[in-house]
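User: I should like to learn how to read the structural features of this chain. Please begin with its surface and then proceed to its elements.

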Amino acid sequence: MGSVTPLEPEWVKGSIAAVTSQRESFGMTIVEAMRCGLPVVSTDCPHGPREIIEDGIDGRLVPVDDAAAVARALRELIEDDELRAKTARAALAASERFDPARIAARHEALWTELLDRGASRRAHSPARTALHRAVGRAVDAVYAQKARAGRLVRRFR
């Protein structure tokens, strides 16, 4: 298939996502698949999948380097339409924690808090404060655009 951008229209063509990383800093692939309504079978590698997937609820976590466990988890979801649909609904609901608009709002609140703290220790110029707020708004706009794309994808699913 090759490289595809944006990936969301491709995710919604599937029924299950499989992520078999040995290491993961944070599973954006997992979140993107879940935001498109796919249950994810993932290796339980450090720093990521366990923070996103609730094993047996919205996806499956299997041991790293255990191909048989990956196959069993995939087969279970493939063979049980009801379980796959239930897990997919749970994945979509759970992915709301990572909604781009929500994350952008958290970033803006953090930047604002940091600016406020810094202002109490030393005075910032109005231009510097305006720059920080403009960066926050730009981040918000990017995440809002991604959220709109995600909603469109889900609507056509």
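Analyst: The chain exposes about 9,700 Å², by the Shrake-Rupley method with a 1.4 Å probe, and carbon and sulfur atoms supply 56% of that area. This is a predicted model, in which local features need pLDDT of at least 70, side-chain atom pairs count only at pLDDT 80 or more, and totals for chains, interfaces and linings use all residues. Residues are numbered from 1 along each chain as its sequence is written, and side-chain values use heavy atoms, with hydrogens and water left out.

User: Which secondary structure elements does the chain hold, and how are the strands ordered in the sheet?

Analyst: Helices (H or I, at least four residues) and strands (E, at least two) are DSSP runs, numbered from the N terminus. The chain has 7 helices and 3 strands. Strands pair if DSSP finds at least two bridges between them; here an open sheet runs β1-β2-β3 with parallel pairing. Because β1 (17-19) and β3 (59-62) each have a single partner strand, they stand at the edges, and one side of each lacks a neighbour in the sheet. Strand β2 (residues 40-43) pairs with β3 over 4 bridges, and Val-40 stands opposite Gly-59 in β3.

User: Is helix α2 largely enclosed or open, and why?

Analyst: Buried means under 20% relative accessible area (1.4 Å probe, protein chains only). In α2 (residues 28-35), 6 of the 8 residues are buried, so the helix is largely enclosed by the rest of the structure. Among them are Ile-30, Val-31 and Met-34. Just after α2, Gly-37 adopts a positive phi of about 80 degrees.

Technical notes
Buried < 20%, exposed > 50% of the residue type's maximum accessible area, 1.4 Å probe, protein only.
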